[in-house]
Amino acid sequence: MKPNWVLSIVLVLTTALICETTGFAGTWRDDFEDRVTKEWKIYNLDRQVENWWVNKGEAVGRIFKRGFISLWLTGELDWENYSVSCRAKLVKERNDPARVGLTLHDRGDEQSRYLFFINFFFGTVSITKAGPNVWSTRDFPFISDIDTWYQLRATVREGQLEFQVNDQVFLAEDPQPLKPGQAGLVVGNAEGRFDDVAVTGVNIRSGGPGRQRAVDTRGTLTTTWGLLKRDK
């Protein structure tokens, strides 16, 4: 048996390494079990075509208007270099393209955000940079099914963009990163359901109404690279 002082040193070093790896990141969570939505806001609400609500412990977003998306935002405009994870599925579609996904670094009326989508009609996933006078998208093959839960995780970090769908990871680079901004859920031409939202980053304050969930580490990750270029 090792002396107690050796075990103490090992414990201290292990704790230090964990702290260094996580960068003292905080996590904000919402699992929608309390049905309270005061920390969320629909961007550019048009009550004629879009709506968000909570049903059976899940967030539901709906919009059926060709060429439009609906965003449900939370957080602060100074959030930057963070990750958003959740479970998501498409339950209804009316017009193509039907899609569900996430938005990060979202600045609302400034029309500046990163979008991470599953595109059910086209059989792809996409990473999009949307800014003033720019819309740059990188698409990757991905076959998806309606009424099937997918585990999503999108990350923005110093111009490096990552979108993980179940056990597949899709990567892109932005040489001119967008400013910080809020996080959110997105639907387009569809009704989608979302659950177990978690936002993690070094300037994210831990909290929110959600409970901490166990991390599923099963599966082997498959990584695909892409490049976002700024439109002139």
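Start by selecting Arg-87 and Trp-149: the charged end of Arg-87 sits over the ring of Trp-149, 4.1 Å from the ring's centre. Keep in mind as you click around that this is a predicted model.

**A second charge over a ring**

Now select Arg-94 and Phe-64. Here the charged end of Arg-94 sits over the Phe-64 ring, 4.1 Å from its centre.

**Around Asp-195**

Go back to Trp-149 and add Asp-195, which you'll find in strand β15. How far apart are the C-alpha atoms of Asp-195 and Trp-149? Turn on a distance label and you should get 9.7 Å, for two residues that are 46 residues apart along the chain. Is Asp-195 buried or exposed? It's buried, because its relative accessible area is 6% and the cut-off for buried is under 20%. Next, show what Asp-195 touches: leaving aside residues up to four places away in sequence, the contacts include Arg-87 and Trp-149, the pair you began with, along with Asp-31, Phe-32 and Cys-86. Gly-57 and Glu-58 are also among the residues that Asp-195 touches.

**Strand β1, next to β15**

Stay with β15, which spans residues 190-201, and bring in β1: the two strands pair in the antiparallel sense over 5 bridges. To see one of these partnerships, select Asp-30 and look across to Val-197 in β15. Then colour β1 (residues 26-30) by accessibility, and you'll find that 5 of its 5 residues are buried. Which residues point which way from β1? Gly-26, Trp-28 and Asp-30 point one way, while Thr-27 and Arg-29 point the other way.

**Aromatic rings**

Trp-28 gives you a handy way into the next stop. Select Trp-28 with Phe-32, Trp-40, Trp-52, Trp-72 and Phe-194, and you have one aromatic cluster. Across the whole structure, a search finds 13 aromatic pairs. For one of them, select Phe-142 and Phe-170: the rings are edge-to-face, with 6.3 Å centre to centre and 90 degrees between the planes. Phe-142 lies in the loop between β10 (134-141) and β11 (150-157), while Phe-170 belongs to strand β13 (residues 168-173), so this pair ties together parts that are 28 residues apart in sequence. Switch on a surface and check both partners: Phe-142 counts as buried at 7% relative accessibility, and Phe-170 is buried too, at 1%.

**The open sheet**

Time to zoom out. Show the strands as ribbons and trace an open sheet of 7 strands in the order β2-β5-β14-β7-β8-β9-β10, with antiparallel pairing. Which strands are at the edges? They're β2 (41-42) and β10, and each of these pairs on one side only. Inside the sheet, pick out β7 (residues 99-106) and β8 (residues 113-119), which pair in the antiparallel sense over 6 bridges. Select Leu-104 and you'll see Tyr-114 of β8 standing opposite.

**Last stop: Ser-126**

Move along to strand β9 (residues 124-131) and select Ser-126. At 3% relative accessibility, Ser-126 counts as buried. What does its side chain make a polar contact with? The partner is the side chain of Asn-119, at 3.3 Å. Finally, show the residues that Ser-126 touches, not counting those up to four places away in sequence: Leu-115, Phe-116, Phe-117, Asn-119, Thr-137, Arg-138, Asp-139 and Phe-163.

Terms used:
Residues numbered from 1 in each chain as written. Predicted model: local features only at pLDDT ≥ 70, side-chain atom pairs only at ≥ 80, totals over all residues. Heavy atoms only, no water. Phe/Tyr/Trp six-rings, centres within 6.5 Å; stacked < 30°, edge-to-face > 60°. Helix = DSSP H or I, 4+ residues; strand = E, 2+ residues; numbered from the N terminus. Buried < 20%, exposed > 50% of the residue type's maximum accessible area, 1.4 Å probe, protein only. Lys NZ or Arg CZ within 6 Å of the ring centre and 35° of its normal. Pairing = 2+ DSSP bridges. Polar contact = N/O pair within 3.5 Å; in protein donor to acceptor, adjacent residues only side chain to side chain. Contact = heavy atoms within 4.5 Å.
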